[in-house]
Amino acid sequence: MTERGDESAVPLPPPGTLANPGPRPPEELQRLERAWACPTGWRFLTVVNNSYVGVIYIGTAMLFFVLAGILGLLIRVQLAVPENDLIGHAAFNQYFTVHGTAMMFLFAVPMMEAFGVYLLPAILGARDLPFPRLSAYAYWTYLIGGLAFFASLLFRLAPDGGWFMYPPLTSYVFSPDVNADIWLLGIGFIEIAAIAGAIEMVVGVLRTRAPGMSLDKMPIYAWALLVLAGMIIFAFPAIIVATILLELERAFHWPFFMAEKGGDPLLWQHLFWFFGHPEVYIIFLPAAGLVSLMVPALARHPLVGYRWIVLAIVGTGFISFGLWVHHMFTTGIPTLSLAFFSAASMAVSVPSGIQVFSWIATFGRGRITWTVPSLFILGFLFIFVLGGLTGVMVAVIPFDWQVHDTYFVVAHFHYVLIGGMVFPLFAALYYWWPQLNGQTLSHRLGVWAFGLMFAGFNIAFFPMHLTGLLGMPRRVYTYPAGLGWEWLNMISTLGAFILAAGVALVLFDMLRRFGLRGRVDADPWDAGTLEWLPSDNYGTRSIPLVHTRDPLWEQPDLARQVDAGHHFLPGPVTAAGRETLITSPLDARPQYVMRLPGPTWVPLLAAVTTAAFFLLLAFKLVAIAIVAGVLTVVLYCVWMWGSDQGEDEPPVDIGAGIRLPVDRSGPQSHSWWGVVTLLLVDGTGFAALVWSYVFLWTVSPEVWPAGDARMAPLWWLAAGAALWVAAGGCFAWARRALRRNAHGMLRLALLAGLGVMGAAYAATLYPQWGVAGLDPTEDAYAAIVFALLSWQGFHVGVLTVMVLYTLARSLSGRLHAQRRLTFDNTMLMWGYMVGQGLVVIGLIHLFPRAVG
Amino acid sequence: MGSRRFTGLLVGMFAGLLIWAAHFVLVYGLTGLACARGLGGATLLGVALVPAAIVAATLAALLATGAVWLAAWRGGGPAGEGRDETVRFVRWLTAGFAGLGLMSILWVGLPALQVPVCA
Ligand code: HEM
Ligand SMILES: [Cu+2]
């Protein structure tokens, strides 16, 4: 099938069509139920269904919110009165670091992803996310990593360098103990969960929408998740690279951040904030997306300005990448550069403003219902707008110089974070709670909780603007009396407890009413979006044909039709039993039926070994860590073994006379899209590394080689580059062989590829130490060159495993021209790795010569 | 539609914002490098080089974004193969992103005329 015609390959039935109008065979529903049955007892741990994983994911994020909140309260207790010695300074440093880190990395971002995992398939009309086991794996790594992170507090080993971990404070000279490693390795690997989430969201939003839900009809929340994923793809690699570099400096003394050896602590700040600022929007945009999903239902009016909101969300996502230096206004960066960032920081408030106006307009046109979610949304608008105003204030450079690192900033970002994310979250918890078991949370308690939280929040954090303006720095464990800070601090502490009381009330009500039931048939808000269709473990009984933005409002009788199986794919059509529809990215035309995996232990086991690997490394138990690492790789292979069943089933009928293939390979397949997304992450990380190289050269040209000293001769470049190209050639050869089902040739090509890749890598690595004599501990130049080489080496290692795995598939007869997902995935990674190898070797040989 | 065609569509749709990003990287990198090498005050025939280069880059970026906007507004832009409604929506967004890009490029470029380069 050509790519060109794909968007119109399957004609969409006209609006109102019933795909399967006749009565359904009675045993069909039972088969669907059996296929999607939730494992019980201990085996519940094998669950991969997004409705269950999503709920425990949200619950876990809530747990970390409470734990980090308790630390916030302890901080406030310590600061309530001057000269307090309740908590010593060492513990205090750990408390605010863990509080900030956990709130950002273990609560805010995961909570938004958890909501995505739970809600996304439901609002799109899909049965599950495209990679259910990946979500389960992400969840388990997050749970284990998060618990270990908090446990470090008990042993006084928690990180204490602040949530942004600036070196030199956090490097080996000033933080010789493991505290910082726990941050770097412990938090670092939880980013796996974020990236896994991003892949689910991209492929989920673009490829699993209900037929007919074209780009212009998908709920704003789906747009928000798409932008969230895009931002994770481009922001998280920067922090991952920063983390790797700092860990290399700590463990092996490679001086990336040490000024005396040509490094620069500002490199960390750039990388951190290139991630850190977008992070704020990674938290805010999906929360705003939830608000856009709730406001129409609560106001009983379709969202006003749909297109404008899409524009605003995407625009914010982009422009938020041009703001990072506003966290570095006081570091002596050139004035004009500061001015660019100041300007962009102000520009970004425009799209946020658009969203706020649109919600207000929707409330204005409809009629507001005074439910608890409405209250929290109004509270959100009030607090967030205030936080936005102080945000514009600190974007003004001289003002920032005045209040930088004071409590004014603490006040500002809690207004933005709690206003922009916690209040919408509580609205969302109230709004979607009935999906769990049909019950609504108590209105009376909810109103009280909202009152306490809203009042408590403002009482706690408004005075901090003033303490900040009066000069109180952040991150001090105590302060002397007589500076005019006493009352303000006391009031803040009182407010914090009022806020906590409000949260406790909500938690109490939730615990009282908790219960998980597969079946959802409540629609308490008369909402218009698909997640309120009657559904069960399998999602909706049939997958609706959608032609409006609020299908439940505008397509009468939809709920009944869907539940009676009159729409698409009303029952299992393959032996696997778990299936969903893959649709085209623009118009959402059905393309193929995708088989989904069922319960399995592998995600949990792999998460355990992954966590063990990183945590053991943090404690320098390298040998056992390696064992855990190897086990992880083995588990990945076990995981993948059952996938890629090939195009072995005949086409199936999904209704409306549409016959679709079961599973596909090639550029149309969901697996291809997933790998491409992963490669984007990979490429961004590599770009961050190259950028670091150029940055270090900008600040320390004196450590770069001048003339031929410390440079390998150019013929090494020629040899290395030729070998990388040849490695690429081997894969082209393998691909041709596979197309012709020439299996012996294919295996030969793969083996040759492995050999040539090894040679290419050797020709890239060896001359740098063998000929040029570089020692990575010597200066920043040698260190960054070796960082690039190690990065490429890591890819060579990954590809070796992938090729061996592909060979194993071939030898066991699981690889041929019609069953080639494994091969395609390896091929995509291979192509990327070859390109990256060429850039690495080119940069190392040519850049110093060009500038020297 | 395969991933490559879709990527092409995305690039076309986000052109205005991508140009903004490229412009941002360029002017920021230029300033940073010039100041690090002590060339912030360099002049050629009495014209301050860094601000002049920034103004030039800004004008070029504005022109490019303007062209994207115009094309999308006139019904061109990233070719869609979807239904008319979807295609119209994509065009509207293309124009919208170009408008947002235009505004942001101008806003980021302006300081070059007012603020000393390194200081
Ligand atoms: C229970 C409510 C909360 C209270 C009482 C609270 C209190 C505080 C206080 C007093 C500080 C300043 C510590 C210092 O500089 O010495 C702080 C820092 C911080 N808070 Fe909160 N907070 C709360 C909720 C949150 C939430 C919901 C988030 C994010 C979603 C958050 C993120 C942070 C961050 C990132 C820091 C900076 C930590 C650092 O300086 O490294 N907080 N919090
Ligand atoms: Cu910021």
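Modeller: A polar contact is a pair of N or O atoms within 3.5 Å; within protein, one must be able to donate a hydrogen and the other to accept it, and residues adjacent in sequence count only if both atoms are side-chain atoms. This is a predicted model: local features need pLDDT of at least 70 and side-chain atom pairs count only at pLDDT 80 or more, while totals for chains, interfaces and linings use all residues. Residues are numbered from 1 along each chain as its sequence is written, chains are lettered from A and ligands numbered from 1 in the order in which they are written, and side-chain values use heavy atoms, leaving out hydrogens and water.

Colleague: Thanks! Which residues come nearest to ligand 1?

Modeller: Around ligand 1 there are 22 residues, each with a heavy atom within 4 Å of it. The nearest are His99(A), Trp163(A), His414(A), Arg474(A) and Arg475(A).

Colleague: At what distance is a nitrogen atom of ligand 1 from an N or O atom in the side chain of His414(A)?

Modeller: Let's look at His99(A) beforehand: an N or O atom in its side chain is 2.8 Å from a nitrogen atom of ligand 1. Arg474(A) has a polar side-chain atom 3.0 Å from an oxygen atom of the ligand. For His414(A), the distance to a ligand nitrogen is 2.8 Å.

Colleague: Which helix supplies the largest share of the shell around ligand 1?

Modeller: Helices here are DSSP runs (H or I, at least four residues), numbered from the N terminus. In chain A, α3 (50-79), α4 (89-124), α14 (407-432) and α17 (486-513) each supply at least two residues of the shell. The largest share, seven residues, comes from α14(A).

Colleague: Which residues form the salt bridge between chain B and chain A?

Modeller: The contact (heavy atoms within 4.5 Å) takes 50 residues from chain A and 44 from chain B. Across it the rule finds one salt bridge, meaning a side-chain nitrogen of Lys or Arg within 4 Å of a carboxyl oxygen of Asp or Glu. With its closest N and O atoms 3.2 Å apart, the pair is Lys217(A) and Glu85(B).

Colleague: Is Thr540(A) buried or exposed?

Modeller: Thr540(A) sits in the loop between α17 and α18 (551-554) of chain A. Not counting residues up to four places away in sequence, Thr540(A) touches Arg127(A), Leu533(A), Pro534(A), Ser535(A) and Val562(A). A polar atom of the Thr540(A) side chain also lies 2.9 Å from the backbone oxygen of Ser542(A). Because its relative accessible area is 9%, which is under the 20% cut-off (exposed is over 50%, partly exposed in between, 1.4 Å probe, protein chains only), Thr540(A) is buried.
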